Amino acid sequence: MSAEATDHSSAPAVVGVRALCEFTARSGDLDLRFTPSPTSLEGMEGHATVRRRRAAGYESEISLSGLYQGLRVQGRADGFDAAACRLEEIKTYRGTLDGIRPNHRALHWAQAKVYAHLLCQARQLAQIHVALVYFHVGRGEETVLSSLYTADELQLFFDSQCQRYLVWARGEAAHRAQRNTVLLALDFPYAQFRAGQRQLAVAVYRTAASPAPADSQGDRSGDEPDAKPGDAKAGGRSLMVQASTGIGKTLGTIFPLLKAMPGQGLDKLFFLTAKTTGHALALDALAQLQQSTAPGVLRVLDLQARDKACEHPDKACHGDSCPLAQGFYDRLPAAREQAVSLAVQDASAVRSVALAHDICPYYLMQELARWADVVVGDYNYYYDSAAMLYALTQAQAWKAAVLVDEAHNLLDRARRMYTAELSQFALHAARKQAGGRVKKALDSLNRAWNALNKAQHHSYQSYAEPPTILLNAVQRAISAIAEVQADQPLPPADPVLALYWELLQFQSLTEAFGPHALFDISLATALPGRSAHASSAARAPFSTLCIRNVVPAPHLLQRHAAAHTSVLFSGTLSPPQFYRDMLGLPAHTAWLEVDAPFKAEQLSVQVAGHISTRWHDRQASLQPIADIVARQFALQPGNYLCFCSSFDYLQQVAQELARLHPGLPMWSQTPAMDDASRIQFLARFVQGGQGIGFAVLGGVFSEGVDLPGSRLIGAFVATLGLPQVNPVNEAMKQALDDYWGRDAAHKQAHRQAQGYDYTYLYPGLRKVVQAAGRVIRTESDRGVVVLMDDRFLRADVQALLPKWWRLEHGGFS
């Protein structure tokens, strides 16, 4: 339901025609077979073309509205020919008319009939012709499907749609009223907050309650969860929080936003995570809060990835292939009604409901996002270019609060979301499969591509922008594949279709190309299996073209703006300006650093400043690292983690330790470990155990791993964590220097934020702090961290380490 259409104590007062019909009139199969669709610009031009063809006196974009039992339905009809008494609903398409799915046609007819009723009511018409005008944007052809309806027939149809909507909407309004009553009385599930947790909760609440970024004045303490006079104001609707493990960040952020929902009129709370562990923590916190009030009132949806929720991964998503797609929309209302009664709509619960109604669990889950109060899901559901939660927030005008768990991960994830690669190997596979017009277009693309390869004299090179000749060839290939696909849909595994999706993503990012991105080309070897004696043309280098995102900020700005409140929290968000710049957070975004609940005495942080782990010093570093590890183990036997910068370096250190100090129990992370192997690796860290686990810094064992007590008593970090110096990172460094140095104002604001810091130093030190954070997990833990590199002695490096650490020097030789 739209926030605009929602009264907090009664049924919705206003609904758009499209929203009404999408809820009431969809029927038939779920059908996700690809059909090429016009762009928004092509759609607008198609509508304009149809209108220009009509006779004088033709009316377009007619604003209409009508009432049913207090529900106002409103919208704009595409066109009305008064002379013919014909209302027209115009739809643009590509491909064949038969390619328009029956469930879409049912929706189109419903919209047309509702508009026709509203027009009959407004103009006092006894009958009217209702027409669907399908306009092919490529050929400029119109197909008109028309039926004559009486005003009484249209009145009955309109009333039936409104009645179906109102039954549901009144139930939703009652649910919201009950939900808000419960949330107003919501109590914290424990007798007291943890150290720092209350400070966090108050800041989050104030962020949501702040009426405007500039308004940080006044005392709102009486409205805050367990607030006291004098607490600092957050001062904005965006908040960044750095808080270490142990204070209960998940519960400390969810609780205050739930408390804020009634007073701020919030429709949704999105809890976004990068990893499965974050899902589990959020669901556990929500379960604790539910138990403390009225169980089952708050609707909590756990969104799962498609590959985890799909029942028939070997089948395509349409009724002719998958039995759970057949009649999906016919059975959806009953399944939806049952599912929303569940307190927690997790994967297991939604699957049970879906299968009981013979519909797809994954797409039932997608539908339930419209009706949940809290949605727990991956970052991509809100921040990706095709993000479902963001699209719904925009379309439904929701007031949503967004919590971003372990927000330091959002930078790398967002960069991947807005990066697109084109592989010439994929083009080669598609050319082998294609024929006719598509083959010609792909051959043309290949020639343009080869010209770029030939002109490049280095294995990697970045460019100011993608060349026009390439973009034109990409567009021709997209058009050719789209036309063929429209006439004869390609199977999902077809290499031509796979290339088509890559081309679309690439083209989309070229349209938004700017100084926040790079266009680069990486030359690769020729195709596998080619003879060394093949012709020079056959042995020409292949390459990968990339639109590489460097600064996600321009893409994320609208996501932050769409949310009523955004709270990004992590144990490592320093320096805040780095994340504020890179993630596109507003300048007024507040910053809160919660004091760690740990004491310096709990953790001995030692710096081995006589060691260099730089690449050219690696060989010389092996023996001193092995000696330090062995000495610490002899001094205090127990479980340790030793982090290295790469698998190769890890193996060298482990082998040196085994050679110099045989008999020490050791186990190592290996490349491409599966879930079972990861579990086995962590299972070695038992209470009271002894041994040394070797892992790669920045890998799966350097964050999100909880080994409290004697399961882990120390960590060795044999690297500064800096990303590898290579042509790609150097190009990104230069792009960042250029991005922040575009004008004098930027230079002044970022005089300390050079490309080197943003590319290397800050990401590297974040990984170090995350890895070291595995050691102290509770207020009773004790342990040691040994930082092994002379650069840890530098003041700029130490400034990025946690404030509660007390560094110790000396003792190593």
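Which residues does L389 touch, not counting residues up to four places away in sequence? Some notes on that and a few other spots, bearing in mind that this is a predicted model.

1. Starting with L389: leaving out residues up to four places away in sequence, its contacts are F270, L272, L303, A369, V375, Y381, Y382 and W398. L389 also belongs to the largest nonpolar core, a set of 182 residues, where I128, Y382, L389 and L787 touch the most other members. There's a second core too, separate and made up of 41 residues, with A208, L239, M261 and L266 among them.

2. Next, T565, which sits in strand β17 (residues 565-570). Is it buried or exposed? T565 counts as buried because its relative accessibility is 0%, against a cut-off of under 20%. Beyond residues up to four places away in sequence, T565 touches T207, A208, R237, L257, A400, A401 and V402. Of these contacts, A208 is also listed in that second core.

3. Have a look at the four-stranded sheet as well. It's open, pairs in the antiparallel sense, and runs in the order β13-β16-β15-β14. At the edges you'll find β13 (420-423) and β14 (460-463), each pairing on one side only. From one strand to the next, the twist averages 15 degrees.

4. Zooming in on one edge, β14 pairs with β15 (residues 517-524) over four bridges, antiparallel. If you want a residue pair to check, S462 has D520 in β15 as its bridge partner.

5. Finally, the helix on this sheet: α15 (residues 424-433) lies across β13, β15 and β16 (542-549). Relative to β13, helix α15 runs at about 55 degrees.

Note on methods:
Residues numbered from 1 in each chain as written. Predicted model: local features only at pLDDT ≥ 70, side-chain atom pairs only at ≥ 80, totals over all residues. Heavy atoms only, no water. Pairing = 2+ DSSP bridges. Helix = DSSP H or I, 4+ residues; strand = E, 2+ residues; numbered from the N terminus. Axes fitted to C-alpha atoms, helices over the stretch in contact; angles between N-to-C directions. Contact = heavy atoms within 4.5 Å. Buried < 20%, exposed > 50% of the residue type's maximum accessible area, 1.4 Å probe, protein only. Core = buried A, V, L, I, M, F, W, Y, C linked by side-chain atoms within 4.5 Å.
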